[in-house]
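Have the sequence and the 3D view ready, and follow along step by step. We will go from one chain to the place where two chains pair, and then look inside.

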Amino acid sequence: LEHRAQTGTSDEIQAIHLEIGALSCVHPDSLRFSFALASDQTPAANAELVITIVPVVVFCDVCGRDYELESIQRFRCPRCDTPTAHIVRGKELDIVAIELKEKSCRSSASESNG
Amino acid sequence: MNTTPPRILTVRTQILKKNDEVARAMRSEFLAAGVLVCNLVSSPGTGKTTFLRETLRSLLAAGHKVAAIVGDLETDNDARRLAESGAPAKQIMTHGLCHLEADMVQKELVGWDWSSLDFLFIENVGNLVCPTSWDLGESIRVALLSVTEGEDKPLKYPGLFNTADVAVITKVDLAEICDFQRDVALANIQQVRPGMQVFEVSAKTGIGLDVWIRYLQSRLTEIAPHRMTAPQQPK
């Protein structure tokens with residue numbers, strides 16, 4: 001768990017925004033549970049995990065475009081039913097953004113965006 | 001004012017970035033040295049170790065240099081079973097961790113003359129979930145499924161089968177006793193991973209091993225043509 005390494009500041013982390021692909025084999029509840037343990041006594045200790053589940057998107061060679069899969073047990077184009085193994089999205093396990101809470105005593109340079 | 005609005009920092013980084021970087025570096029080294037690395041993944045009890053032991057035996061008999069690394073929570077039983085093949089085998093004990101990570105494999109390689117190998121096999125911890133996300137620098141990820149497990153395993157664990165390059169159905173000598181519906185299993189694999197090549201083997205009787213060994217040799221030829229000049233084809 002590398003979350004803290006990403007902050008680069010001593011500010012308290014208010015929230016961490018994550019994207020979890022439907023194929024990543026990570027369950028949000030389990031992640032929250034282990035995050036609470038792992039983040040204890042770190043700047044991320046009370047951070048909220050804002051998790052977005054990314055559905056599986058495949059590219060269909062026949063239709064020539066991307067489609068969201070209806071089921072991850074069926075890798076076929078939802079429109080023409082052609083089997084496809086070309087995954088465009090859905091394996092993500094990404095930290096998208098970190099929300100920092102400013103310490104009340106330190107307000108300078110707060111507008112510079114990383 | 002003592003309250004300022006929260007700042008949002010866009011970071012866009014992969015949580016497993018560190019593992020992926022180690023794995024990518026290892027993969028480059030393996031490919032540069034001409035070593036074909038396979039990562040074997042299945043549930044506990046599929047028969048990975050027996051299948052791998054017989055694979056090692058066959059490759060040794062064909063004149064290849066092979067070795068194996070095996071991960072388990074506890075005991076070095078599997079490394080000892082693999083060593084019965086005559087190939088060097090190292091055990092990683094994860095002490096509770098349910099999968100192997102790239103740096104664990106990297107540590108095992110230190111001081112080992114792996115670069116002269118034709119094939120290096122990594123037998124993952126028996127688990128159909130967590131190994132999915134952890135790249136070990138392999139060229140081929142092999143998902144194994146035994147006829148005793150049920151034909152719907154690929155549907156239950158689509159993530160793992162989807163990230164695999166090839167599938168192996170093991171213990172086919174028991175298919176009839178288990179009422180294994182081969183067509184259903186093959187269809188389920190294709191549902192979650194269209195186009196995936198499937199090998200059907202019995203490590204006990206040797207059925208199907210020759211096809212599997214020829215596949216490995218053909219993949220080795222792709223990455224290291226020079227290595228395939230000396231060894232012979234399996235009988």
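What follows is a short walk through this predicted model.

Let's begin with chain A. Chain A has one helix and six strands, and from the N terminus on its elements run β-α-β-β-β-β-β. Of its 114 residues, 38% count as buried. Look also at which residues touch each other: of the contacts in chain A with a separation of 6 or more, 66% are between residues 24 or more positions apart. As for the outside, chain A exposes about 6,300 Å², and 47% of that area comes from carbon and sulfur atoms.

Now find strand β6 of chain A, residues 93-101. This strand is mostly covered, with eight of its nine residues buried. Which strands pair with β6(A)? One is β1 of chain A (residues 12-21), which pairs with β6(A) in the antiparallel sense over eight bridges. Another is β1(B), joined to β6(A) by six bridges and also running antiparallel. A good residue to click on is I95(A): I95(A) is the bridge partner of L18(A), and in β1(B) the bridge partner of I95(A) is T13(B).

From there, step into chain B and look for helix α1, residues 17-33. Its 17 residues reach 24 Å from the first C-alpha to the last, close to the 24 Å expected at 1.5 Å a residue. Which residues of α1(B) are buried? They are N19(B), D20(B), V22(B), A23(B), M26(B), F30(B) and A33(B). These residues cover an arc of only 160° around the axis, which puts them on the same side of α1(B). There they pack against β1 (7-14), β2 (36-41), α4 (102-109) and β5 (119-123) of chain B. Just after the helix, G34(B) takes a positive phi of about 75°.

Finally, let's look at the nonpolar cores. The largest has 30 residues, and those with the most contacts inside it are F121(B), V142(B), W212(B) and L216(B). Several elements of chain B each supply at least two residues of this core, including β2, α2 (48-61), β3 (66-72) and β5. The element that gives the most is α8(B), with six residues. Try selecting F121(B): leaving aside residues up to four places away in sequence, its contacts include C38(B), L52(B), I69(B) and L216(B). Apart from this core lies another, of 23 residues, and among them are V56(A), V58(A), L160(B) and A167(B).

How values were computed:
Residues are numbered from 1 along each chain as its sequence is written. Chains are lettered from A and ligands numbered from 1 in the order in which they are written. This is a predicted model: local features need pLDDT of at least 70, side-chain atom pairs count only at pLDDT 80 or more; totals for chains, interfaces and linings use all residues. Side-chain values use heavy atoms; hydrogens and water are left out. Helices (H or I, at least four residues) and strands (E, at least two) are DSSP runs, numbered from the N terminus. The expected span of a helix is 1.5 Å times one less than its number of residues. Buried means under 20% relative accessible area, exposed over 50%, partly exposed in between (1.4 Å probe, protein chains only). The arc is that of the directions from the helix axis to the C-beta atoms. Contact means heavy atoms within 4.5 Å. A nonpolar core is a set of buried Ala, Val, Leu, Ile, Met, Phe, Trp, Tyr and Cys residues joined through side-chain atoms within 4.5 Å. Two strands pair if DSSP finds at least two bridges between them. Accessible areas come from the Shrake-Rupley method with a 1.4 Å probe; for residues, only the protein chains shown count as cover.
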